[in-house]
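Welcome! Please open the model in your viewer and get ready to select residues as we go.

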Amino acid sequence: MAYAFSDRSLDRLQTCHQDLILLMRSALLDPECPYDITVLEGHRNKEKQNQMVEEGKSQLGWPKSRHNSWPSMAVDVAPYVAGKGAWDWDYYNPLAAHIRSTWDRLQQDGATTGQYTLEWGGTWTTLKDGPHYQLNPA
């Protein structure tokens, strides 16, 4: 099935580093993509970042999150199922596998800057973060 980002998702994605934009667009356009994807967040300003810490949704205050740089070195995305964001790990795991395999393919094809590795927040041992993908220096 062919999916397309909403205008709201595209606006949020545009705040991200070019490698994340390419990754998410490529992942969504791939016919093998298991679900539609909604972009929850790219760049976060100081107020939003500190709010996320207060709500227990982030452990990093401003400006330590990868979301705080411009362009953002992190993006939060969720599977979009039955007209809404899905929060179940049964959706996150196959989507993450697809996004990571898309990253590997883009890296092999030389389509990214080649300056970063991709990290998924779902592999973290504390505060597992299924929506979170970030670029780390290679």
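This tour goes from the strands to the core, and then to the charged residues and a few other stops. Keep in mind that the model is predicted.

**Stop 1: strand β5**

Select residues 132-137, which make up strand β5. How many of the six residues in this strand are buried? Five of them are, and the strand is mostly covered.

Now add residues 74-81, strand β2, which pairs with β5 in the antiparallel sense over three bridges. To see where the two strands face each other, show V75, which stands opposite Y133 in β5.

Next, add residues 116-120, strand β4. Strand β4 and β5 also pair in the antiparallel sense, here over five bridges. Pick out Y116 and you will find P137 of β5 opposite. While you have strands on screen, here is a general point to look for: in a regular strand the side chains alternate between the two faces of the sheet.

**Stop 2: the nonpolar core**

Show the side chains of M24, V75, I99 and Y133. Within the largest nonpolar core, which has 29 residues, these four touch the most other members. Color the elements that give two or more residues to this core: α2 (18-29), β1 (36-41), β2, α4 (89-108), β4 and β5. In soluble globular proteins, nonpolar side chains tend to be buried together.

Zoom in on Y133 and display its surroundings. Setting aside residues up to four places away in sequence, Y133 touches a long list of residues, among them M24, V75, L95, I99, L118 and W120.

**Stop 3: a network of charges**

Select E41, R44 and D76, which are linked in a network of salt bridges. Side chains of opposite charge can pair when their charged atoms come close.

Start with E41 and R44: the closest N and O atoms in their salt bridge are 2.8 Å apart. Then move on to R44 and D76, where the closest N and O atoms are 3.0 Å apart. This second pair links distant parts of the chain, with R44 in the loop between β1 and α3, D76 in strand β2, and their positions 32 residues apart in sequence.

Are R44 and D76 buried or exposed? Both are buried. R44 has a relative accessible area of 4%. Why does E41 count as buried too? Its relative accessibility is 14%, and the cut-off for buried is under 20%.

**Stop 4: around helix α3**

Select residues 46-54, helix α3, and include N45. At the start of the helix, a side-chain oxygen of N45 reaches to within 3.3 Å of the backbone nitrogen of E47. After α3 comes G56, whose phi is positive, near 75°.

Now show E55 and K57, whose side chains meet in a salt bridge with an N to O distance of 3.3 Å. K57 is partly exposed, at 48% relative accessible area, and E55 is partly exposed as well, at 41%.

**Stop 5: H67**

Select H67, in the loop between α3 and β2. H67 counts as buried, because its relative accessibility is 0%. Add H43 and draw a line between the two C-alpha atoms: H67 and H43 are 4.8 Å apart in space, yet 24 residues apart in sequence. Leaving aside neighbours within four places in sequence, the contacts of H67 include E41, R44 and D76, so you are back beside the residues of the salt-bridge network.

**Stop 6: D30 and H98**

Select D30, in the loop between α2 and β1. D30 is buried yet has no salt bridge. Which side chain of opposite charge is nearest to D30? It is R105, 4.2 Å away, while a salt bridge needs the atoms to be within 4 Å.

Finish by selecting H98 in helix α4. H98 is buried, with a relative accessible area of 7%. Not counting residues up to four places away in sequence, H98 touches A27, D30, E32, C33 and P34.

Terms used
Residues numbered from 1 in each chain as written. Predicted model: local features only at pLDDT ≥ 70, side-chain atom pairs only at ≥ 80, totals over all residues. Heavy atoms only, no water. Buried < 20%, exposed > 50% of the residue type's maximum accessible area, 1.4 Å probe, protein only. Helix = DSSP H or I, 4+ residues; strand = E, 2+ residues; numbered from the N terminus. Pairing = 2+ DSSP bridges. Polar contact = N/O pair within 3.5 Å; in protein donor to acceptor, adjacent residues only side chain to side chain. Core = buried A, V, L, I, M, F, W, Y, C linked by side-chain atoms within 4.5 Å. Contact = heavy atoms within 4.5 Å. Lys, Arg positive; Asp, Glu negative; His and termini not counted.
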